[in-house]
Amino acid sequence: MSNVTEPTGTTNKKRGVQLPFKKAFEFALNTIKIRFWRSMITAGGVFLGIAFLASVLTSKAVAGANVSVTEAARSNWLVALSLLVCAVGITNAMLMSVTERFREIGTMKCLGALEQFIVKIFLIEAALMGAIASSLGYLTGTLLMVATKYFSFNPKTAFHGETWIGSFTSGAFGVNLVLCVGLGIVLTMVATLFPAITASRIPPAAALRSDV
């Protein structure tokens, strides 16, 4: 009889509670609603980074072939640095979020939630924040740069046949939108990966004893 009971108990312990993706999405959405302002602060870094990237892309598109190689390289370097700073800021904010949610994580693990489920919740939160923040950042950066180019355009000093909008078409708008939003989501999820793994490995007993 012991030979039959032992493997079954071992299997249940390994499996834990297998919750569907929909449930993880609901957990992540509720967490963002409860910690709305903390989430907005975290998303603010992505917003600013993507807004800067969008302004650079829009500036290049509006200028068309008039952008020098040196200026383009300098802009790309500044964008890379700004996105790196955003990633560090997101990682720090998510690590603080893990500390604040020790008891919540410990409770879920005591109820049988697997480590994969904890990681999934954090990554879904990151994807949602990244999508919203990068979309708003792209629109803000693009509109500000278009407005700047429009009001600074001087027809008297422009090249023959040049317009203020340059080569910035609806196609360029769509491509840049997909690029910025996709990069914002990936950046946020990658920056959240380490805090998510850290949260999933917290021992339930230690998490419940926390006074944070």
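A residue is called buried here when its relative accessible area is under 20%. With that cut-off in hand, let us walk through this predicted model, starting with the whole fold and then moving to one cavity and two helix residues.

**The overall picture**

Of the 212 residues in the protein, 35% are buried. The accessible surface comes to about 12,500 Å², and carbon and sulfur atoms account for 70% of that area. The secondary structure consists of 8 helices and 0 strands, so anyone reading along from the N terminus meets the pattern α-α-α-α-α-α-α-α, as the helix assignment gives it. How do the contacts spread along the sequence? Among those between residues at least 6 apart, 88% join residues at least 24 apart.

**The cavity**

How many cavities of 30 Å³ or more does a search of the whole structure find? The search finds 1. The largest cavity holds about 80 Å³ of space. Which helices supply at least two residues each to its lining? They are α2 (21-34), α3 (36-63), α4 (69-100) and α6 (115-152).

The lining includes Thr31, Ile32, Arg35, Arg38, Ser39 and Thr42. Further along the sequence, Ala93, Met94, Ser97, Arg101, Glu125 and Met129 also line the largest cavity. By class, this lining has 4 nonpolar, 4 polar and 4 charged residues. As background, rolling a probe the size of a water molecule over the atoms shows where empty space is left.

**Two residues of helix α3**

Helix α3 was named above as a contributor to the cavity lining. Ser55 is found in this helix, and Ala61 has its place there too. The table sets out their accessibility.

| Residue | Relative accessibility | Class |
|---|---|---|
| Ser55 | 13% | buried |
| Ala61 | 13% | buried |

Why does Ser55 count as buried? Its relative accessibility is 13%, and the cut-off for buried is under 20%. Ala61 counts as buried because its relative accessibility is 13%.

What does the side chain of Ser55 reach? It comes to the backbone oxygen of Phe52, at 2.6 Å. Once neighbours within four places in sequence are left aside, Ser55 is in contact with Gly141 and Met145.

Ala61 offers a friendly example of sequence and space telling separate stories. Ala61 and Ala172 lie 111 residues apart in sequence, while their C-alpha atoms are 7.4 Å apart in space.

Technical notes:
Residues numbered from 1 in each chain as written. Heavy atoms only, no water. 1 Å grid on protein atoms, 1.4 Å probe; cavity = no way out; pocket = protein on both sides within 12 Å on 5 of 7 lines; lining within 4 Å. Points joined across faces, edges and corners; volume = space filled by probe spheres on them. Helix = DSSP H or I, 4+ residues; strand = E, 2+ residues; numbered from the N terminus. Nonpolar A, V, L, I, M, F, W, Y, C, P; charged D, E, K, R; others polar. Buried < 20%, exposed > 50% of the residue type's maximum accessible area, 1.4 Å probe, protein only. Contact = heavy atoms within 4.5 Å. Areas by Shrake-Rupley, 256 points an atom, 1.4 Å probe, with all protein chains shown as cover. Polar contact = N/O pair within 3.5 Å; in protein donor to acceptor, adjacent residues only side chain to side chain.
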